[in-house]
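Trainee: I would like a close look at a single part of this protein, the small sheet and the helices that pack around it. Please also say how the surroundings are built.

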Amino acid sequence: MKFKTIIEPFKIKVVEPIKFTTEKEREEILKRAGYNVFNIPAEDVIIDLLTDSGTNAMSSKQWAGIMDGDESYAGSKSFFRFESVIKKIMGFKHIIPVHQGRAAEKILFSIVAGPGKYIPNNTHFDTTRANIEFVGGTAVDLPIPEGIQPDVWHPFKGNMDVERLESFIREKGPENIPLVMLTVTNNSNGGQPVSMQNIREVREVCNKYGIPLFLDACRFAENAYFIKKREKGYENKSILEIVREMFSYADGCTMSAKKDAFANIGGFLAMNDDELALKARNVLIVTEGFPTYGGLAGRDLEAIAQGLEEVLDENYLIYRIRSVEYLAEKLIDRGIPVLIPPGGHAVYLDAKRFAPHIPPEQFPGQSVVVELYRVGGIRSVEIGSVMFGRKDKETGKFIPHTMELVRLAIPRRVYTQSHIDYVIEVITEVYRNRDKLKGYKIVWEAPLLRHFTAKFEPIN
């Protein structure tokens, strides 16, 4: 018999207490934080949906692996297990451990990017873009048109616009494009998946112009599950078979193991090119550590290897994707505008429709983020003009982001349905009083990745 209820494919073994705060207390906390939820101490958050990165609950086998970690400086047995698992799943020749995904980006782009170099992507996420721009390169987003329309349904809104990619390569010259990236799933446009057909088509364009293709692979298993459920010809394939095919079209990848590997820290850079790998390891030794630990303890290498095997479990992926869908469906039923269809790791509120009276230059997404914390102690994150908006260098005119979103990222294996039901109640309350939401202005910002540390004030 088939039941409607999809239960968590795990039992809870250890619990962590939640500190409850009052609305008045949270108002004071917000003021001290400069109305930036990144600045709020974690213990003052009731439900933390800021990110799914490094916030996962590890399994008993991962914790057992931590006890078994080999902390040898060179040639740790934990590294060889880590390397073996990644090669088995992804098939790349060179596996370079790093302390997290942005370190892999830093190493890669410090080698290949620079002034006059362009890196196309379906949509760059914040650290990817920052690492490209930090060395003088240009990050270019080429999503399909449906990918930037929150209220339009498409099975693979994370796809890259292949025609625009080829046109861009011709315009700038393949010699100025050291690699093409695909982010799977596409975090900046709602955690949306990329189809296998799109990966193949991008690969064909790269082959035509002799350009390597790299995947930003931090949510590769969630992407593979969407391919299995939505793309014809993959319904009877295993997740591992789909994953192997995805990576077979790539020359390398960057990965934060803090997402689909269930780890609290760690990542890697993988590739097939011997010369590029040599350069990457040279940078690694200077900045991260010896090639067989790369800024990680042996116990972390063990936890990542185990997590990469666990994430391929289809029972887990069914539960994971369905739990995100559950939150989205309940919000849609209440008339609350969300990006559709829901992605793999988060639900994204459409702040443009949520607070249409707040213009982009007053950051409607930030307004919703602040109010969710004030009303219910929920920490979320703005993905809109705070994160990606900018001023034109010549005119000084504000250029808003294409979408104004609020991401509710759900940590893996952490919250139960009752936690999510509470989130639904809080969002519903905020939406009911949405006309009272105020815009915000930035009173201080850093030159890069300003959303992490910026300070705001409400506009009265």
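Mentor: What follows goes through the sheet, then its helices, then the cores and a few single residues.

The model is a predicted one. In it, 3 strands form an open sheet, ordered β9-β14-β11, with antiparallel pairing. Its edge strands are β9 (346-350) and β11 (381-383), each of which pairs on one side only. From one strand to the next, the twist averages 35°. Strands of a sheet are held in pairs by backbone hydrogen bonds, and the pairing may be parallel or antiparallel. Here, β11 and β14 (residues 405-409) are joined in the antiparallel sense over 3 bridges. Within that pairing, valine 381 has arginine 407 of β14 as its bridge partner.

Two helices can be placed against these strands. α14 packs on the sheet and touches β9, β11 and β14, and its direction makes about 40° with that of β14. α12 lies across β9 and β14, running at about 25° to β9.

α14 (residues 364-376) also packs with α15 (residues 417-432), at an angle of about 115° and with the axes 9 Å apart. The crossing of α14 past α15 is right-handed. On the α14 side, the contact is made by Glu371, Leu372, Val375 and Gly376; on the α15 side, by Tyr422, Val426, Ile427, Glu429 and Val430. By type, the residues of this contact are 6 nonpolar, 1 polar and 2 charged.

One of the α15 residues just named, Tyr422, is also touched by isoleucine 47. Isoleucine 47 sits in strand β1 (residues 47-48). Its relative accessibility is 2%, so isoleucine 47 counts as buried. Beyond its neighbours up to four places away in sequence, isoleucine 47 touches Gly377, Ile378, Arg379, Tyr415, His419, Tyr422 and Val423.

The loop between β1 and α2 (60-67) holds alanine 57. Alanine 57 counts as partly exposed because its relative accessibility is 26%. Leaving aside neighbours within four places in sequence, alanine 57 is in contact with Arg412, Arg413 and Val414. Alanine 57 lies 45 residues from isoleucine 12 in sequence, and their C-alpha atoms are 9.8 Å apart.

Now to the cores. In soluble globular proteins, nonpolar side chains tend to be buried together. The largest nonpolar core has 65 residues, and Met90, Phe220 and Leu308 touch the most other members. Apart from it lies another core of 59 residues, which includes Phe388, Ala409, Ile420 and Ala454.

Phenylalanine 220 has contacts beyond four places in sequence with Ile89, Met90, Val184, Val243, Met246, Phe247, Met255, Asp260, Leu308, Val311 and Leu312. Among these partners, Val243, Met246 and Phe247 are buried residues of helix α9 (residues 239-248), where Ile239, Ile242 and Glu245 are buried as well. The buried residues of α9 pack against α3 (77-90), α7 (196-209), β6 (213-216), α8 (220-230), β7 (252-256) and α12 (314-333). Thus α12, which α9 packs against, is also the helix that lies across β9 and β14.

A last residue is glutamine 100, in the loop between β2 (94-98) and α4 (101-112). Glutamine 100 has a relative accessible area of 14% and is therefore buried. Not counting residues up to four places away in sequence, glutamine 100 touches Lys258, Ile265, Gly266 and Gly267.

Note on methods
Residues numbered from 1 in each chain as written. Predicted model: local features only at pLDDT ≥ 70, side-chain atom pairs only at ≥ 80, totals over all residues. Heavy atoms only, no water. Buried < 20%, exposed > 50% of the residue type's maximum accessible area, 1.4 Å probe, protein only. Helix = DSSP H or I, 4+ residues; strand = E, 2+ residues; numbered from the N terminus. Contact = heavy atoms within 4.5 Å. Core = buried A, V, L, I, M, F, W, Y, C linked by side-chain atoms within 4.5 Å. Axes fitted to C-alpha atoms, helices over the stretch in contact; angles between N-to-C directions. Left-handed = near helix turned anticlockwise from the far one by under 90°. Nonpolar A, V, L, I, M, F, W, Y, C, P; charged D, E, K, R; others polar. Pairing = 2+ DSSP bridges.
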